[in-house]
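Biologist: Hi! Could you walk me through this structure before I head back to the bench?
Modeller: Happy to, let's bring it up.

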Amino acid sequence: MRSSHRVLVGIALLFGACAGPTADEVPAAALPAADPGASFHGAWELASIVRYAADGEELSRNEESTGFIMYDPAGYMGVVIQGADRQPATGRPATPEDGLAAYRSYTAYFGTFSVDDDAGSVTHHLRASMNPNAAGADYVRKYEFSEDTLTLQPPAGTDGGTVRLTWRKLPELSEVTAEHGRFVGFWHFGRLERRDDAGEELPVERTWVDGFIIYTGSGHMAVHLVRPDRQPFAAGRPTPEEAAAAIRSYISYFGPYTIHGDDGFVVHHRSGCWYPSCMDTDAQRFYEFGDRTLTLMPPARAVDGRMVQDSLVWERLSE
């Protein structure tokens, strides 16, 4: 699924007479300011995670973990990373230790971003994270662009060591249908509705309070959903019980998606998933578009002798 797409930057030249002043004749204050975040826009696939000692010596190189970072022109972002050594579910009832292992091998957060071009840094402003202690935090990352790659570097550790994450730009699909274009963008969770097969609205005991679903022009997607009343960890590192609670209160998965427009459903191919039981599985979602809304509906399920249909309503964030 990795891509070696090379982004080619072209310069368009305008020839011929012009009734108005040329760019050189327009005062600088009248010219629109360049968007420092424009180079980030789109979907990027994780290529490597490299750790360095304080003296610059390379300590480890990980080119097997998978994930995406996605930036939207409207200023939203999301990231998902699944560890290379993640183990699938065992089939037995999950234990707190299983939750801790799942938590340690998956990273997810979402929010907004801003770019300081002079400092060469991008800041991720977190709305929510798999780590409940990180909600509301600002993650500052030094950045470098090189051809089709973006490298992000968090601040150095207390020992002076650094980590560099390199992402490879994913090309847009060569053929994008009108239906595909309706999906592309960032969507914010609005509400969860539940009805039985007679159309009667049913109470929802446990729902979500925040979340993004992201569809990119490259044909990839990611989802983040957050439960209310998440509890922070008592210390920096979670106990098995705290990690299991964090896993239960945050849903995230990512991968390619396929639209079946004639049949009214989209398939999320979950190459990565917050909990190992759904790694490498497909999720079918029937869909309906409204006025800047997208309603996704998993297949109906039987509950107490009647069929129940859940509907997640998402509200468009992208312009």
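Modeller: Let's begin at helix α3: what covers its buried residues includes α1 and β13 (250-260). Keep in mind that this is a predicted model.

Biologist: Thanks. Which residues of α3 are the buried ones?

Modeller: In α3, which spans residues 240-248, they are E242, A243, A244, A246 and I247.

Biologist: You mentioned β13. How does β13 pair with β14?

Modeller: β13 and β14 are antiparallel, with four bridges between them. Together they make a hairpin with four residues in between. G264 sits in that turn and has a positive phi of about 75 degrees. As for a facing pair, H260 is opposite F265 in β14.

Biologist: Is β14 mostly covered or mostly open?

Modeller: Mostly covered, with five of its six residues buried. β14 also pairs with strand β16 (residues 281-289), in antiparallel fashion and through six bridges. On that side, R270 faces T281 in β16.

Biologist: There's a histidine I'm curious about, H268. Where is it?

Modeller: H268 is in strand β14, which covers residues 265-270.

Biologist: Why does H268 count as buried?

Modeller: Because its relative accessibility is 1%, and the cut-off for buried is under 20%.

Biologist: Which side chain does H268 make a polar contact with?

Modeller: That of Y253, at 2.8 Å. Setting aside residues up to four places away in sequence, H268 touches a whole set of others, including I213, Y215, M221, P256, Y257, D282 and R285. T281, which faces R270 across the β14 and β16 pairing, is also among the residues that H268 touches.

Biologist: Nice. Changing topic: how much space lies in the largest pocket?

Modeller: About 1,100 Å³. It is lined by 32 residues, and the closest to its centre are R51, I81, R104, T107 and L165.

Biologist: Which element gives the largest share of that lining?

Modeller: β5, with four residues. Several elements supply at least two lining residues each, among them β1, β4 (76-82), α1 (96-104), β5 (106-116) and β9.

Biologist: Let's look at β9, then. Why is β9 described as largely enclosed?

Modeller: Six of the eight residues of β9 (residues 162-169) are buried, so the rest of the structure largely encloses the strand.

Biologist: How many bridges join β9 to β1, and how many to β8?

Modeller: β1 (residues 42-52) is joined to β9 by eight bridges, running antiparallel. β8 (residues 149-153) is joined to β9 by four, and that pair is antiparallel too.

Biologist: And which β9 residues are the bridge partners of R51 and L152?

Modeller: R51 is partnered with V163, and L152 with L165. You have already met R51 and L165, since both were named among the residues closest to the centre of the largest pocket.

Biologist: What about T162, buried or exposed?

Modeller: T162 is buried, because its relative accessible area is 16% and the limit for buried is under 20%. T162 belongs to strand β9.

Biologist: How far apart are T162 and R51?

Modeller: In sequence they are 111 residues apart, while their C-alpha atoms are 5.9 Å apart in space. R51 is also one of the residues in contact with T162 once neighbours within four places are left aside; the others are V50, Y52, Q153 and A156.

Biologist: One more residue: where does D310 lie?

Modeller: D310 is in strand β19, residues 306-316. With a relative accessible area of 12%, D310 is buried.

Biologist: Which side chains make polar contacts with the D310 side chain?

Modeller: The R194 side chain does, at 2.5 Å, and the R301 side chain does, at 3.3 Å. Leaving aside neighbours within four places, the residues in contact with D310 also include L192, E193, L296 and P298. M297 is another contact, and the C-alpha atoms of D310 and M297 are 5.9 Å apart although the two are 13 residues apart along the chain.

Biologist: Great. What does the whole protein look like in numbers?

Modeller: The protein has three helices and 19 strands. It is 319 residues long, and 46% of them count as buried. The accessible surface is about 17,200 Å², with 51% of that belonging to carbon and sulfur atoms. For contacts between residues at least 6 apart in sequence, 57% link residues at least 24 apart.

Methods:
Residues are numbered from 1 along each chain as its sequence is written. This is a predicted model: local features need pLDDT of at least 70, side-chain atom pairs count only at pLDDT 80 or more; totals for chains, interfaces and linings use all residues. Side-chain values use heavy atoms; hydrogens and water are left out. Buried means under 20% relative accessible area, exposed over 50%, partly exposed in between (1.4 Å probe, protein chains only). Contact means heavy atoms within 4.5 Å. A polar contact is a pair of N or O atoms within 3.5 Å; within protein, one must be able to donate a hydrogen and the other to accept it, and residues adjacent in sequence count only if both atoms are side-chain atoms. Accessible areas come from the Shrake-Rupley method with a 1.4 Å probe; for residues, only the protein chains shown count as cover. Two strands pair if DSSP finds at least two bridges between them. On a 1 Å grid over the protein atoms alone, a cavity is a set of points where a 1.4 Å probe fits but cannot get out, and a pocket is an open set with protein on both sides within 12 Å along at least five of seven lines; lining residues have an atom within 4 Å of a point. Grid points are joined across faces, edges and corners, and a volume is the space filled by probe spheres set on the points.
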